[in-house]
Amino acid sequence: MVSRSEVAFSLGLLVLGVWIVAQALAYGVFGPNITGAGFFPLIAGALLALSSAGTLVRQVRGRTESGRLEAAETLRIGGVVALTALFLVLVERVGLVLLTPFYVAVVAYLIEWPTTLRGHATVWATAIGFAIVAYLVFDLGLNVPLPDGFLGG
Amino acid sequence: METLQLLLGGLSAALSFNTLMATLIGVTLGLAVGVLPALGPAAAVAILLPLVVKFDATTAMAGLAGVYYGAMFGGAVTSILLGIPGESASMMTTLDGYPLARRGEAGRALGMSVYASFIGGLIALILFTAVSAPFAEFAIAFGPAEMTALMVMALSFTTVLGGDDPWKGFASLGLGLWLGMIGLDMVTGAPRYTFGSVELTDGLSFSVIAIGLYGLGEVFAAVGDKSGQAQFQPTYTFRSLFPRVRDIVLCWKDLVVGSLIGFVVGVLPGAGATASTMFAYAASKRMSRTPEQFGHGAIQGVAAPEAANNAASYSAMIPLFTLGIPGSGTTAVMLGGLLMLGLQPGPLLFQERPDFVWPVIGTFYVGNVLLVFLTILLTPVLAAIVYVPLALLLPLVAGIVIYGVYSVNYLMFDVWCALLFGVLGYVMTKLRYPAIPALLGVVLGPILEQGVRRALISSGGDPIIFVERPIALVLFAATGCLVLVPLGRRLRGRFRRRQPAA
């Protein structure tokens with residue numbers, strides 16, 4: 001059976017490959033010493049486009065072992081990705097260390113909701129503990145200027 | 001003699017406090033990574049890249065390599081105790097290790113796995129030391145034409161590293177090549193695929209792509225598939241973890257043959273540690289007087305694959321160090337790490353940076369010894385790690401990734417890119433697109449482009465430069481074989497399948 005997600009992904013790669021080739025042609029494929037700025041991108045784009053087209057044909061003919069994205073699984077991962085994106089948006093304003101415990105805890109809840117009080121306590125203790133360790137290692141140990149949000153004034 | 005002196009100097013440098021600590025931390029992390037089915041050594045090395053580049057090259061490489069070979073020791077623990085291979089390279093150990101644990105001999109199997117890993121590592125390291133320097137010396141004669149041929153050959157490993165579907169492997173390679181070309185053109189200075197972004201003019205950082213595709217991609221895949229959580233807990237005593245003299249005598253042939261198979265297979269690109277364990281297991285079974293016991297708890301079935309996977313993890317670094325070509329996912333990430341550290345792996349590395357190469361080889365010896373004690377001491381802890389719920393572990397890994405990626409260039413832009421590559425890595429994993437060719441493309445693509453264009457500039461645009469040297473010709477011919485032989489086999493298979501139908 002043809003996997004729609006796989007066909008869509010191959011199609012996406014094919015379009016990307018064609019676009020890379022078009023851009024490469026615009027950069028100029030040949031130059032004074034044979035190769036121009038677009039020479040290697042042309043090879044990369046052509047390789048991507050041709051192999052995606054090959055994959056697509058094989059998928060439609062049912063000749064390739066199909067992988068697929070399951071809806072429930074994709075939804076859970078989509079939740080983690082969306083949460084990470086929200087975290088990255090808020091980090092500049094709130095501060096990385098301050099926001100980390102909430103991020104770690106919410107991702108943990110998204111993966112599996114604890115059923116006992118002890119489970120909730122473990123999640124929050126882990127989240128806060130990680131933020132402290134990350135602060136000690138990165139900010140104090142490695143002198144990385146972590147985004148400090150409103151705490152930094 | 002000179003090699004021995006260099007090795008002794010390297011060993012002495014490897015025992016300096018910083019390097020020793022890096023090795024210790026690396027191998028300990030490797031043990032933990034080897035235990036966890038949700039995280040492979042390639043992902044762990046990728047996640048650690050941003051942290052280690054803050055240290056000097058020897059310290060950084062000692063830590064990264066420690067993770068790799070440490071994972072080979074750690075993988076056996078859960079294979080034997082729980083029947084869950086933490087690493088694919090420990091899969092064969094499960095066949096006899098787990099039955100041994102089920103009948104109350106977990107300690108015996110664990111002891112043998114540690115001893116076998118040590119012997120495998122030691123034999124491989126002695127061969128590594130003897131072979132790599134002369135090999136690098138031979139490769140020093142390589143000019144731009146030979147290096148170009150070598151890079152083309154390395155990229156053609158996609159046919160063996162790209163999984164079952166070569167079309168998907170080449171699509172992944174094309175994607176990686178393109179990602180490696182984002183930024184300013186090295187000759188004309190023209191921006192390519194930068195979308196007008198200032199951050200992209202320097203190109204995408206290798207660590208961002210590697211962490212995204214491998215690190216976050218694996219985290220997302222593990223979020224989706226929460227299987228692999230341990231259910232059964234066997235019992236063993238600390239005393240029982242020490243190998244028995246009788247077992248050592250019984251398994252000596254399996255240990256030597258397993259180590260040699262591991263060494264040879266490990267050097268071959270794409271074959272890797274997992275394949276070496278299969279060959280070693282098969283050879284051990286064939287040599288045995290009681291082959292019927294294999295699969296039901298034969299101690300030789302633990303000895304041979306464990307010696308092989310550790311030997312393969314060391315020998316896989318020979319092509320990386322001497323030719324600058326990676327033969328596996330983990331060594332591809334390590335190659336990126338070497339470049340980030342400002343080193344150019346290849347024939348000249350042994351000549352120009354002996355102060356780096358020999359201490360790193362020294363850390364391999366030290367790490368191999370350290371792992372014997374650490375594995376025995378930490379076995380109870382390692383077995384317990386498997387019971388850490390993924391709901392706690394995965395957010396922590398995601399957190400480490402965010403902090404690590406940010407700390408490379410202090411840019412949130414990099415973290416956004418890593419997230420994007422994480423999603424891409426997850427989709428590729430689910431749809432069975434191999435990520436290794438993409439990483440090969442990112443690392444080797446720019447080197448190949450630079451080599452070809454420089455060679456053409458030096459020859460005044462005459463492409464004959466690439467085929468007028470015999471070594472380059474041989475390498476191009478070997479590349480042709482690498483690409484065409486699997487294709488020929490596939491076509492022959494298809495032809496044979498069609499014949500009966502006709």
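Helices and strands are DSSP runs, of at least four and at least two residues respectively, numbered from the N terminus. The model described here is predicted.

Two loop residues of chain B have an unusual label in common: each is a non-glycine residue with positive phi. Phe195(B) sits in the loop that links strand E2 (191–192) to helix H10 (206–224) of chain B. The phi angle of Phe195(B) is near 55 degrees. Phe195(B) has 8 other C-beta atoms within 10 Å, and because 12 or fewer counts as exposed, Phe195(B) is exposed. Arg432(B) belongs to another loop, between helix H19 (412–430) and helix H20 (436–458) of chain B. Its phi is near 60 degrees. Arg432(B) has 17 C-beta neighbours inside 10 Å, so Arg432(B) is classed as partly exposed. The class of buried residues begins at 20 such neighbours.

Helix H17 of chain B runs from residue 354 to residue 385. A straight helix of 32 residues would span 46 Å at 1.5 Å a residue. The end C-alpha atoms of H17(B) are only 38 Å apart. The helix is also kinked, by about 65 degrees, at Leu378(B). The proline Pro380(B) follows shortly after this kink.

The two chains meet through 55 residues of chain A and 50 residues of chain B. On the chain A side, six elements are listed as giving two or more residues: helix H1 (4–27), strand E2 (34–35), helix H2 (39–60), helix H3 (71–94), helix H4 (96–111) and helix H5 (117–141) of chain A. H2(A) supplies the largest share, 11 residues. By class, this side of chain A holds 32 nonpolar, 16 polar and seven charged residues.

In soluble globular proteins, nonpolar side chains tend to be buried together. In this model, the largest nonpolar core contains 228 residues. Val45(B), Ile211(B) and Leu439(B) have the most contacts inside this core. Helix H4 (residues 57–82) of chain B gives the most to the core, with 17 residues. Chain A takes part as well: at least three core residues come from each of domain 1 (4–60) and domain 2 (71–151) of chain A.

The surroundings of Val45(B) can be given residue by residue. Leaving out residues up to four places away in sequence, Val45(B) touches Leu64(B), Val67(B) and Tyr68(B). Val45(B) also touches Thr330(B), Val333(B) and Met334(B).

Technical notes
Residues numbered from 1 in each chain as written. Chains lettered and ligands numbered in written order. Predicted model: local features only at pLDDT ≥ 70, side-chain atom pairs only at ≥ 80, totals over all residues. Expected span 1.5 Å × (residues − 1). Bend = angle between axes of the 7 residues up to and from the residue. Contact = placed C-beta atoms within 7 Å. Nonpolar A, V, L, I, M, F, W, Y, C, P; charged D, E, K, R; others polar. Core = buried A, V, L, I, M, F, W, Y, C linked by C-beta atoms within 7 Å. Domains from an automatic or database assignment.
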